Structures are given as C-alpha cells and as structure tokens.
Amino acid sequence: MLSKRATTPVLSAAAVALAGLCIAATAYAMSDEEIRAETERIAAQYSTAMAHCQTLQGHDRDICIEDAKGSQRVAQAERDAKLLGDAGHSYQVRVARAEADYRVAKERCNEMRGDAVGVCKKDAEAAYRKAQQDAQVKRVEAPPATSTDQPLTPLAPAGSAMPLANPGR
C-alpha cells in the first residue's frame, strides 16, 4: 500500500496538469452558450429558407429545398470546425459545400430534357469530384500545428571551422 506522503505530490501534479489542460481547452473552444446560439441560428435560418421554399412550385421548389438542406449542412460543419478548430473539420466544411453544390446541380439538371440531362449530370458529377479532390489537397496542404519550440539552427558541415549559430545551447 502506498503511503499518503508518496501519493500527495503525484495527485497534486496531476491536478495541476488537468487544470492547465482545462484552461487551455476553454481558451480555444466555444462556450456552451455560443454553441447553443449558433445551433439555434442555424435552425432558424433553415426554417426561414424552408418556409420560402414552400411558396415555390415545381422544380424551383425542389432546388430551393436542396439548397436549404445543403446550407444547413454547411453551417453545421462550419460550427463544428469553429468548435474544434482542426484541419479535419475544415476538410468536412469543404466536403459539405461540395455535396450541397452537387445536390443542387443535380436538381437543376432534372429541369432539362433529352441528352442535356445526361450531360448536365456528368458535368455536375465532374465538378463534385473536382471539389472533393481540392478539399483533399487542402487537407494535405494544411499547415502543421504551431510549435512553441525554438527554430532549428543550421549545423556546420563536418570538419569545418565555422562556429555554430547558438553555441550556448
């Protein structure tokens, strides 16, 4: 059994580390009130858009509904990206935009007749694939997380009399 003396420093060090993590997390994360307000704003925007769509007829109504749904998905992805703020969620925002644009484009194609429908859908699919590839490229090209480490100093070539940039290290 561990003595009280041995566990106290370990527990206090763990408590300090946990408190530091909580402070760091709250500095970057949205508050619960901000999340709730953003979610309510997205829901209100969606309800307004759907109410507008109900006033339309035929294909215009279908296009409007797809646009409203896509806007809602993009807004939710943007909220999540703000909440978590990592490159993976920025990628999800770009994918949500690509999917929303693709669904609206497909719906617009349904208005056409004959061979134009097939050509339109192929164009929409090609644009969607291109947007997905662009999102993937931007995901890979995302800058690495910033580091608090000091920059690396160049090393002198072996056997050279050139002094190091920071000899005191």
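The points below describe a predicted model of a single protein chain, beginning with the overall fold and then turning to particular residues.

1. Overall make-up. The protein chain contains five helices and zero strands, and, read from the N terminus, its elements follow the order α-α-α-α-α. Among the contacts in the protein chain with a separation of 6 or more, 48% are accounted for by residues 24 or more positions apart.

2. Burial and surface. Of the 169 residues in the protein chain, 18% are buried. The area that the protein chain exposes comes to about 12,700 Å², and 58% of that area is supplied by carbon and sulfur atoms.

3. Ile 42. This residue lies in helix α2, and because its relative accessible area is 3%, Ile 42 is classed as buried. When neighbours within four places in sequence are left aside, Ile 42 is in contact with Gln 72, Ala 75, Gln 76 and Arg 79. A further pairing can be followed through the backbone: Ile 42 and Ser 71 stand 29 residues apart along the chain, while their C-alpha atoms are separated by 8.9 Å.

4. Glu 38. Helix α2, which spans residues 32-54, also holds Glu 38. Although a reader might wish to check the side chain by eye, the computed relative accessibility of Glu 38 is 13%, and Glu 38 therefore counts as buried, the cut-off for that class being under 20%. Not counting residues up to four places away in sequence, Glu 38 touches Met 30, Arg 79 and Lys 82; Arg 79 is also one of the residues in contact with Ile 42.

5. Glu 66. This residue is placed in helix α3, which covers residues 58-84. Glu 66 is buried and yet has no salt bridge, since the nearest side chain of opposite charge, that of Arg 103, is 4.5 Å away, whereas a salt bridge requires a side-chain nitrogen of Lys or Arg within 4 Å of a carboxyl oxygen. With residues up to four places away in sequence not counted, Glu 66 touches Arg 103, Val 104 and Glu 107.

6. Arg 103 and the charged patch. Arg 103 belongs to helix α4, made up of residues 87-109, and counts as partly exposed because its relative accessibility is 36%. On the surface, Arg 103 gathers with Arg 73, Lys 106 and Lys 121 in a patch of positive charge. Arg 103 thus links two parts of this note, as a member of that patch and as a residue touched by Glu 66.

Technical notes. Residues are numbered from 1 along each chain as its sequence is written. This is a predicted model: local features need pLDDT of at least 70, side-chain atom pairs count only at pLDDT 80 or more; totals for chains, interfaces and linings use all residues. Side-chain values use heavy atoms; hydrogens and water are left out. Patches are made of residues with over 30% relative accessible area and no salt bridge: like charges are joined within 9 Å, nonpolar side chains (Val, Leu, Ile, Met, Phe, Trp, Tyr) within 5 Å. Accessible areas come from the Shrake-Rupley method with a 1.4 Å probe; for residues, only the protein chains shown count as cover. Lys and Arg count as positive and Asp and Glu as negative; His and the chain ends are not counted. The place of a charge is taken as NZ of Lys, CZ of Arg, CG of Asp or CD of Glu. Helices (H or I, at least four residues) and strands (E, at least two) are DSSP runs, numbered from the N terminus. Buried means under 20% relative accessible area, exposed over 50%, partly exposed in between (1.4 Å probe, protein chains only). Contact means heavy atoms within 4.5 Å.
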